[in-house]
There are 2 protein chains.
Amino acid sequence: MSHTLGIRQAQKQKTRQALLDAALGLLEEQSLSSLGLREVTRAVGVAPTAFYRHFRSIADLGVALVDEALGSLHPMVRTTVSAAGDGDERIARAIGLIARHVQTHPAHVRFVARERHGGVQPVREAIRDQLARFAEEVKAELAEDPEAAGWHDDDLLMLAHLYVDQMISTASLFLETLEAPDAERERVTQAATRRLRLIGIGRLHWRD
Amino acid sequence: MSHTLGIRQAQKQKTRQALLDAALGLLEEQSLSSLGLREVTRAVGVAPTAFYRHFRSIADLGVALVDEALGSLHPMVRTTVSAAGDGDERIARAIGLIARHVQTHPAHVRFVARERHGGVQPVREAIRDQLARFAEEVKAELAEDPEAAGWHDDDLLMLAHLYVDQMISTASLFLETLEAPDAERERVTQAATRRLRLIGIGRLHWRD
DNA sequence: TCATCCAGTTAACAACTGTTCTCCAGAATG
DNA sequence: CATTCTGGAGAACAGTTGTTAACTGGATGA
């Protein structure tokens with residue numbers, strides 16, 4: 001089904017992506033609710049009015065950014081959590097995934113952490129929905145595990161949310177070490193590892 | 001040392017507090033980085049230039065808000081965590097404290113959750129410092145516990161941070177139920193209880 | 001009582017904001 | 001080829017922003 005886009009739609013998508021990229025860059029040192037439409041178009045080198053050809057408002061652009069930041073992450077999470085190995089291996093793999101993702105997409109991670117509780121309602125809701133999807137997916141993977149025998153559905157979902165929260169918290173910690181020496185990153189890795197280990201231990205002895 | 005303030009300093013503090021209150025109100029539906037100085041003074045009914053008599057900038061006001069929101073909370077946390085009782089009692093008391101605080105100071109809680117990863121660096125740092133203080137205090141209380149025997153200092157601090165993170169996460173969940181029926185709040189209470197219970201179980205079996 | 005202080009006011013500045021309307025060049029369509 | 005469609009440009013709108021300077025009137029302290 002590879003259909004070559006007309007050169008018209010191609011240009012449009014190019015401009016749209018430029019707007020998204022410019023916005024993401026500007027959001028490194030401010031919140032979405034203070035991001036100006038003119039500010040974005042100026043950074044792209046396009047007339048302010050062109051913005052409306054792609055987004056109804058800044059909030060609309062924010063929702064699109066949420067999709068870009070989290071939408072493509074679902075398969076990665078799924079395979080990472082589901083892959084075999086003993087507990088500590090799985091923990092190391094998950095934290096490695098997070099560390100790598102923060103290194104390669106710092107602006108996206110910062111955006112999500114910032115706007116999760118930010119001042120723009122539609123964006124908050126979009127993030128909340130995506131995180132709930134992650135939790136459902138993690139729960140589905142946990143349910144496959146032999147250790148999940150005899151667990152209530154509610155408890156599994158609770159545990160999944162706990163894991164998702166930890167992922168975000170860890171990502172946010174890695175974010176703060178971006179310009180720090182490697183030793184700092186190592187410290188965060190160790191601390192996150194022990195957190196997940198403690199949660200894993202709690203999981204093992206839950207049924208009492 | 002109860003020294004009656006001159007009517008001059010009294011008026012000044014009154015205006016300052018009015019600015020803080022107005023800002024907190026306006027921040028319910030936007031982020032600090034988009035809050036305007038004129039917006040705040042307008043809400044108070046005072047000239048824009050009067051702002052500079054109290055704060056150097058909006059970021060400065062934000063730091064003051066952090067102190068107001070978290071500064072007076074340390075004794076409450078300390079006594080709640082330290083008080084006796086078995087595990088489940090302690091959990092119930094902690095969650096009760098959070099639920100009550102969110103009900104009585106929703107704007108403060110929202111502000112902290114929002115600006116913790118927000119777009120204003122000095123405010124982020126102020127919040128980070130306050131939360132680190134909370135973690136140190138929780139760690140000190142955990143160390144008093146007989147169950148803490150044989151624990152490394154690093155591990156105790158890790159656990160304390162985990163608890164502090166849970167408090168904030170729980171507070172943020174309660175925030176979302178502010179205008180919801182009681183049943184929603186009950187659901188959050190139960191979910192948070194099970195989270196803390198699982199962490200407590202992990203704590204019991206940590207030394208292996 | 002009188003000089004000093006200082007929280008708050010007024011006025012003005014250039015720069016910025018979101019949004020509307022009109023227009024145009026060039027791709028798409030037939 | 002001629003027509004329609006559309007992403008982007010341009011100009012103008014009223015309103016907003018932070019910051020400066022000079023000023024006022026009532027509390028303060030000698």
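This report describes the domains, the DNA-facing surface, the chain contact and the nonpolar core of a predicted model.

**Domains of chain A**

Chain A is divided into domain 1, which covers residues 7-57, and domain 2, which covers residues 68-204. The centres of these two domains, taken over C-alpha atoms, are separated by 30 Å, and the contact between them takes eight residues from domain 1 of chain A and eleven residues from domain 2 of chain A. On the domain 1 side of this contact, four residues are nonpolar, three are polar and one is charged.

The UniProt record, an unreviewed entry, places the feature "domain: HTH tetR-type" at residues 13-73 of chain A. Over residues 13-73 of chain A the model is 57% helix and 0% strand, and the C-alpha atoms at the two ends of the stretch are 21 Å apart.

**The surface near DNA strand C**

Of the 19 residues around DNA strand C, those that come nearest are Gly6(A), Gly36(A) and Arg38(A), together with Thr15(B) and Ala47(B). At least two residues of this surface are supplied by each of three helices, namely H1 (7-26) and H2 (37-44) of chain A and H1 (7-26) of chain B. Among the contributors, H1(B) gives the most to the surface near DNA strand C, with four residues.

**The contact between chains A and B**

In the contact between the two protein chains, 26 residues of chain A meet 26 residues of chain B. On the chain A side, the elements that give two or more residues are helix H6 (106-115), helix H8 (153-176) and helix H9 (182-204), and the largest share, eight residues, comes from H9(A).

The table sets out the residue classes of three surfaces.

| Surface | Nonpolar | Polar | Charged |
|---|---|---|---|
| Near DNA strand C | six residues | seven residues | six residues |
| Side of chain A that touches chain B | eight residues | eleven residues | seven residues |
| Side of domain 1 of chain A that touches domain 2 of chain A | four residues | three residues | one residue |

**The nonpolar core**

In soluble globular proteins, nonpolar side chains tend to be buried together. In this model the largest nonpolar core has 90 residues, and the residues with the most contacts inside that core are Val138(A) and Val138(B). Leaving aside residues up to four places away in sequence, Val138(A) touches Val81(A), Ala160(A), Tyr163(A) and Val164(A).

Notes: Residues are numbered from 1 along each chain as its sequence is written. Chains are lettered from A and ligands numbered from 1 in the order in which they are written. This is a predicted model: local features need pLDDT of at least 70, side-chain atom pairs count only at pLDDT 80 or more; totals for chains, interfaces and linings use all residues. UniProt positions are given in the numbering used here, feature names are shortened, and annotations may be inferred rather than shown by experiment. A residue is near a molecule or strand if its C-beta atom, placed from the backbone, lies within 6 Å of it. Ala, Val, Leu, Ile, Met, Phe, Trp, Tyr, Cys and Pro count as nonpolar, Asp, Glu, Lys and Arg as charged, and the others, Gly among them, as polar. Domain bounds come from an automatic or database domain assignment. Two residues are in contact if their C-beta atoms, placed from the backbone, lie within 7 Å. A nonpolar core is a set of buried Ala, Val, Leu, Ile, Met, Phe, Trp, Tyr and Cys residues joined through C-beta atoms within 7 Å. A residue is buried if 20 or more other C-beta atoms lie within 10 Å of its own, exposed if 12 or fewer, and partly exposed in between; C-beta atoms are placed from the backbone.
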